[in-house]
Every structure is written in structure tokens, then in C-alpha cells.
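Got the viewer open and a free hand on the mouse? Let's walk through this one stop by stop, selecting a few residues each time.

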Amino acid sequence: MLSSKGFAAHSAQTPLAPFTFSRRAPGPTEIAIEILYCGVCHTDIHMARNEWGQSMYPMVPGHEIVGRVAGVGSAVKKFKVGEIAAIGVIVDSCRKCEPCDRGEEHYCLEGPTLTYAAKDRVDGTTTMGGYSNNYVVDERFALTVPANLDLAGVAPLLCAGITTYSPLRHWKVGPGMKVGIIGLGGLGHMALKFAHSFGAHTVQLTTSPKKKEDALRLGADEVVVSTDEEQMKKHAASFDFIIDAVSAPHEMAPYLALLKQDATLTIVGLPERPPSIDIFQLISKRIAVAGSMIGGMPETQAMLDYCGKNDITADVEVIPMEKINEAFDRMLKQDVKYRFVVDMSSLK
Ligand code: NAP
Ligand code: ZN
């Protein structure tokens, strides 16, 4: 057994607090990592506060993990002790179904094992996430990290990065396309960086006028304040693709009005209440509303390699673990540029 320490939520109403627990020693195909950095995803807030109604406590959140390999099982091929490894939102799957065979383990027919607050397939315990000093994972679900990238900036790629990279690739975003990004938060700023890097004409849609300069710096060709009807009208029926990365309930109609005929709006944000969609708006332009969840292991590795080649990381504010509750509060006030990342050396 490995002894672990981290920060846990003990109920939906109480702040995260120090917590000790244990993890199994790595099996033959598993590695143990010492966590260096863990990003703070809005999902961690939804989960810690039970906004989706399925939370289990105590809960150690965190699924944007970068660390150093501290131990390897006897059959591990991909990693050696001392190397850097990363872990994202899933840590296991059935490994037998069609999606798993295709490397789309996140769409496993039996359901993937989530990095935290899920039943572990190996030992039946509840998975504990990356707001902690170590993790044990099968090497199939661990990623290698390009050596040129800053590790704090890499951590958010494991969720915010792949969750936006995957749909932008799936819907073939590239040159000649006008692409909208709704919400400039952790996911939104990565969607903006990727869409810009893929050569699309990018438009950041934001409720925060003060984020305009940052959006332009992060790769936006244009910035639209979505609460300003006049600005929105100018872009009516002009977008080929829109990605919605908003964490709070919001109206869809103003955004669907921006799509061209046959265009798609893909939702990645997961507010506590689902959006209502006007079917007349859909049929009048044959438009589609879609959803997308993270990405499989091969695509997550491809995303990290792409980031290495193109020098892409998240814009981060590094915080010590004891500031996590403050970070949650600031995220809810849209006050983060553009991802908090916990430096796990602060746990020592
Ligand atoms: P975040 O950093 O807190 O950013 C959310 C952004 O949403 C804010 O920066 C803000 O952008 C916008 N926003 C917030 N409240 C709003 C409101 N009332 N009306 C309109 N816009 C509002 O959150 P995140 O970590 O990027 O996560 C975003 C969502 O994606 C969360 O719901 C999370 O659970 C979900 N998620 C989904 C997946 C997946 O696989 N699909 C993976 C990870 C996360 P502006 O200030 O620019 O308006
Ligand atoms: Zn996440």
C-alpha cells in the first residue's frame, strides 16, 4: 500500500480539507506517480458540491494530473522511474468493447472508470483524484509529456485540452471556417488556442467584456460580448461551427441564431440544468446541436504531441493546495486566467 495525502470534500456544503488515505501498490502493468501539478477543472466544483446529484464522499477531486514516475510494475513498457507521466479524466475501461478497441475508451460501453469518485475496476475501492501527492494507474491510461513544455501549463491539457481538441478535430475545424467559442474559461481558452492553431477564423463569445484583450492575445480574430444584442446581430447566420464551454445554465437561442445552414453547435460545458432548445430553430436551418466528452487515450496522446510541436500550454495561475477553496470561489466569479493549477509540493 502507498500512503497518500490530499484535500477532500466531505460533503456538498463543506470546504475541501486535508485528508489521508491509501492506494494499492502498482500491479504488473501499473505505474505509481508522484504528483507535481493538478489543474482545477470546473467539473471539480460541480462534483464537490454535488451539482449533478451523483457525488460520493469523501471525494478527492482532480483529473488534470502531471507527475514523476515513482514506481513501475514488472510488465510496464512505456515508462521508467523518474520520467514524467500524465493522467486525465479516465483511468480504466472494460478494454474489450468496440469503442475501447478503437481507442475511444471514454465511450466504453460499460462506462470508463473516472479518475475520482468512481468504483475502481481493479480493487473495488472509490477512486481518489489528483488533489493529492500520488496516483496509481495502468500504463494504458497514462500519457507521455513532450519534454519542451512547462509542466504546470501541461496539467490542464489533460482535461480542458483534450475536451476541446477532440471535437474541433471531429468536426474538422480548419482554414476557411468561422468558429465560435462560448465562454472564456479553462476549456474555452484551450478551444480558442486550438481553433486558432488549426487555422480557423476564431470568434470568442464572452459575457465578460474585460476579457477582450486576453481573448485577442490568446488567438481570437474577433471578440463578441454575447449579452450585447447589437454585436450578436452582426454575426447572425455566419458561423460554421460553435463550441459551448459554459459552466452555468444559459439560453441557447442567441447562439443557435449565429449558425449558418447545416452548421453544428457542440456542447462540452455541463451546467447543473440542461439547456432548452427550440426545435423550430433547428429545422429552419437544418442545424445540429451535439455533445462531446473528453477524448480517448490515443487522441489524448496525439493532442499532447501536437502541443509539444506547436508549443501550446494552458495559461495558468499556480496556487498552493490550501488555496483550493478560494480558487473554487474565484472560478464561480469568472475570475481565473485561465486555469488554476495546484503545485503539489505545497502538500509536503
Ligand atoms: P470555467 O473555467 O469556470 O469557465 C466557464 C466559463 O463559462 C466562464 O469563464 C464564463 O466565460 C462562462 N460563464 C460562466 N457563467 C456564465 C453564465 N452565467 N452565462 C454565460 N457564461 C458563463 O469552467 P471550465 O473548467 O472551463 O468548465 C466548463 C464546463 O465544461 C463545466 O461545466 C465543466 O464541468 C464542463 N466540462 C466538460 C467536459 C466534457 O468532457 N464535456 C470536460 C471538462 C469540463 P465568460 O466570462 O467568457 O462568459
Ligand atoms: Zn475536467
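Before the first click, a word on burial: buried means under 20% relative accessible area, exposed means over 50%, and partly exposed is in between, using a 1.4 Å probe and protein chains only. You are looking at a predicted model, where local features need pLDDT of at least 70, side-chain atom pairs count only at pLDDT 80 or more, and totals for chains, interfaces and linings use all residues. Residues are numbered from 1 along each chain as its sequence is written, chains are lettered from A and ligands numbered from 1 in the order in which they are written, and side-chain values use heavy atoms, with hydrogens and water left out.

**Stop 1: the zinc ion**

Select ligand 2, the zinc ion, together with Cys41, His63 and Cys159. Those residues supply the protein donors, through SG, NE2 and SG in that order, at 2.0 to 2.2 Å from the ion. (Donors are N, O and S atoms within 2.8 Å of the metal, or 3.2 Å for Na, K and Ca; water is not among the atoms, so sites may look incomplete.) Along the sequence, the donor residues follow the spacing C-x21-H-x95-C. Cys41 sits in the loop between E3 and H1, while His63 is in the loop between H1 and E4, 22 residues apart. The H and E labels are DSSP runs numbered from the N terminus: helices (H or I) have at least four residues, strands (E) at least two. Are Cys41 and His63 buried or exposed? Both are buried.

**Stop 2: a few salt bridges**

Here, a salt bridge is a side-chain nitrogen of Lys or Arg within 4 Å of a carboxyl oxygen of Asp or Glu. How many salt bridges does a search of the whole structure find? The search turns up 21.

Pick Glu64 and Arg339 to begin with. Their closest N and O atoms are 2.8 Å apart, in a salt bridge. Glu64 is in the loop between H1 and E4 and Arg339 is in strand E17, so this pair ties together parts 275 residues apart in sequence. Glu64 has 0% relative accessibility and is therefore buried; Arg339, at 3%, is buried as well.

Next, try Asp123 and Arg24, whose side chains also meet in a salt bridge, at 2.8 Å from N to O. The two residues are 99 residues apart, with Asp123 in the loop between E7 and E8 and Arg24 in the loop between E2 and E3. Asp123 is partly exposed at 34% relative accessible area, whereas Arg24 counts as buried at 18%.

**Stop 3: helix H5 and its network**

Now select residues 186-197, which make up H5. Its 12 residues reach 17 Å from first C-alpha to last, close to the expected 16 Å (that is 1.5 Å times one less than the number of residues). Of these residues, 10 are buried, so H5 is largely enclosed by the rest of the structure. Among the buried ones are His189, Met190 and Lys193.

Add Asp315: it forms a salt bridge with Lys193, with closest N and O atoms 2.6 Å apart. Then add Asp214, Arg217 and Lys337, and you have a network of salt bridges that includes Lys193 and Asp315. Just past the helix, Gly199 has a positive phi, near 95°.

**Stop 4: parallel strands**

Finish with E13 (239-244) and E14 (259-267), which run parallel and are joined by five bridges. (Two strands pair if DSSP finds at least two bridges between them.) Phe241 stands opposite Thr264 in E14. On to E15 (288-291), which pairs with E14 in the parallel sense over four bridges; there, Thr264 stands opposite Ala288.
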